[in-house]
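Visitor: Could you walk me through this one? I'd like to start with a single residue and work outwards.
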Amino acid sequence: MKVIIGLGNPGKKYEDTRHNAGFMAIDKISDKWGIPVTQNKFRALVGEGRIEGEKVLLVKPQTYMNLSGESVAEVLKFYKLIPDDLVVIYDDLDLPTGHLRLREKGSAGGHNGIKSMIQHLGTQEFKRIKVGISRPEPGRSVSDYVLNTFPVAERADIQEAVSVAADACAMWTRESFLKVMNHYNSLKK
């Protein structure tokens, strides 16, 4: 089984915020592949289904961003999986809005959700799909910025990015992540 995790914050208040790009991608995968993400387990909303014949588990931790690793660790423990069986989709301030970057491992880079995952999984070696949200203008608080919605001018870019992230996850069900990474990192926006 492959586990696809989207990071975000639960609740209507955070629904379309920059920090919820990972949740948006899970919603896109859910819609595209008909996998309802409605079961409340592991302090997460989860959905089991198949993408191109491969069994997948879609996960939206409901622990708030800073504690995401707690929920993810519970999922892996229950299914007796290892970090190599998962990919995590999350927002990245260092990429322009709507751009993607795929990585097989790495540091948290200041992202508290990833910090929590590294802490609870005991490794930095897990696959990532970073969704660019750009940085705030100088003087603006990063926390306020990531907890605000996308302006109208950026909504099409973010919708396209989460759709491409969904396609990358589908490709991962039939190809190595290295091949997926090479393909999607070579695409120019």
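Visitor: Where is Ser30 found?
Guide: Ser30 is found in helix α1, residues 21-33, where helices (H or I, at least four residues) and strands (E, at least two) are DSSP runs numbered from the N terminus. This is a predicted model, in which local features need pLDDT of at least 70 and side-chain atom pairs count only at pLDDT 80 or more, while totals for chains, interfaces and linings use all residues. Residues are numbered from 1 along each chain as its sequence is written, and side-chain values use heavy atoms, with hydrogens and water left out.

Visitor: Buried or exposed, that Ser30?
Guide: Ser30 counts as buried because its relative accessibility is 13%, the cut-offs being under 20% relative accessible area for buried, over 50% for exposed and partly exposed in between, with a 1.4 Å probe and protein chains only.

Visitor: And what is Ser30 in contact with?
Guide: Leaving aside neighbours within four places in sequence, Ser30 is in contact with Ile35, Pro36, Val37 and Leu58, contact meaning heavy atoms within 4.5 Å.

Visitor: Switching topic, which residue does the UniProt "active site" annotation cover?
Guide: According to the unreviewed UniProt entry, that annotation covers His19; UniProt positions are given in the numbering used here, feature names are shortened, and annotations may be inferred rather than shown by experiment. His19 is found in the loop between β1 (2-6) and α1, and His19 is buried, with a relative accessible area of 13%.

Visitor: What does His19 touch?
Guide: Not counting residues up to four places away in sequence, His19 touches Leu7, Gly8, Asn9, Met65, Asp91, His111, Val146 and Leu147.

Visitor: Now the interior: how many residues has the largest nonpolar core?
Guide: The largest nonpolar core has 36 residues, and those with the most contacts inside it are Ile4, Ile29, Ile89, Leu102 and Ile129; such a core is a set of buried Ala, Val, Leu, Ile, Met, Phe, Trp, Tyr and Cys residues joined through side-chain atoms within 4.5 Å. The largest share of this core, 10 residues, comes from α5.

Visitor: What about Ile89, which residues does it touch?
Guide: Setting aside residues up to four places away in sequence, Ile89 touches ten-odd positions I would rather list in part, among them Ile4, Ala25, Ile29, Ile129 and Cys169.
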